[in-house]
Each structure stands twice: as C-alpha cells, then as structure tokens.
Amino acid sequence: MNEHERKLGIFYTAAAYLMWGILPLYWKLLDNYAAAEILAHRIVWSFVFMIGLLVVTKQFSLFRAQVVEIWKQPKLAIGVLASACLISVNWFIYIWAVNH
C-alpha cells in the first residue's frame with residue numbers, strides 16, 4: 001500500500017466514524033415514527049438507490065448473474081437471507097434504541 005492509499009484509507013475511516021456518530025441525531029429527529037417504519041424506508045430507498053447505481057455504472061447484468069448463481073446454491077441463498085435478517089434486526093434495535 002502506498003502513502004496515498006494509506007491517507008485515503010484514514011480519510012475514509014474518519015468519515016465513516018463521523019457519519020456513524022452523527023447518524024443518531026438524524027434518527028432522533030424521526031422519533032415520531034415507529035422504528036419498523038424507519039427501517040422499512042431505509043431498506044426500500046437503499047434498494048432503489050443501489051439499483052439506480054448499478055444501472056448507471058452498467059453493472060446490473062453482472063448483479064443479475066450473481067443473484068442467479070446465489071439462488072442456484074441453496075446453502076449460499078440461506079446464508080444471504082440469514083445475513084439480511086440479522087442486519088435488519090441489528091438496524092431495528094439500533095433505531096429503536098436511539099429513539100427511546
């Protein structure tokens with residue numbers, strides 16, 4: 001790793017920590033809404049954004065091929081679904097905790 005990559009990594013790390021530290025303030029602004037509703041919006045809008053990004057970067061066909069490969073392997077598909085469920089529970093608890 002060269003010096004430029006190291007500095008860029010430090011910058012990205014600091015930006016991630018800053019965003020992670022500020023994010024509870026955003027969730028607190030939404031405390032009038034149920035944590036499940038906030039989470040549902042996060043999931044839907046993240047999905048829409050990522051599909052748009054895949055289309056703009058012309059990576060959608062690669063994504064579609066990878067999804068097909070995952071579903072052909074039941075153990076892998078179960079792992080992906082389990083991961084999605086666990087991260088959803090994690091985010092729900094995080095949003096709920098900040099708002100309460």
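Before anything else, one bit of vocabulary: when I talk about the angle between two helices, I mean the angle between the N-to-C directions of their axes, lines fitted to C-alpha atoms over the stretch in contact, on a scale from 0 to 180 degrees. And please keep in mind, everyone, that this is a predicted model.

With that in hand, let's look at H2, residues 35–56, and H4, residues 74–99. Their axes lie 9 Å apart, and the two helices pack at an angle of about 130°. That value makes H2 oblique to H4, and the crossing of H2 past H4 is right-handed.

Now over to H1, which covers residues 3–29. At its start, Asn-2 uses a side-chain oxygen to reach within 3.1 Å of the backbone nitrogen of His-4. Further along, at Ile-22, H1 has a kink of about 30°, and the proline Pro-24 follows shortly after. How far apart are the end C-alpha atoms of H1? They are 40 Å apart, which agrees with the 39 Å that 27 residues should span at 1.5 Å a residue.

Finally, a word on confidence. The protein chain has an average pLDDT of 94, and 100% of the residues score at least 70. Confidence is highest in H2, with a mean of 96, and lowest in H1, with a mean of 91.

Methods: Residues numbered from 1 in each chain as written. Predicted model: local features only at pLDDT ≥ 70, side-chain atom pairs only at ≥ 80, totals over all residues. Heavy atoms only, no water. Helix = DSSP H or I, 4+ residues; strand = E, 2+ residues; numbered from the N terminus. Expected span 1.5 Å × (residues − 1). Bend = angle between axes of the 7 residues up to and from the residue. Polar contact = N/O pair within 3.5 Å; in protein donor to acceptor, adjacent residues only side chain to side chain. pLDDT = per-residue confidence, 0-100. Parallel < 35°, antiparallel > 145°, perpendicular 65-115°, else oblique. Left-handed = near helix turned anticlockwise from the far one by under 90°.
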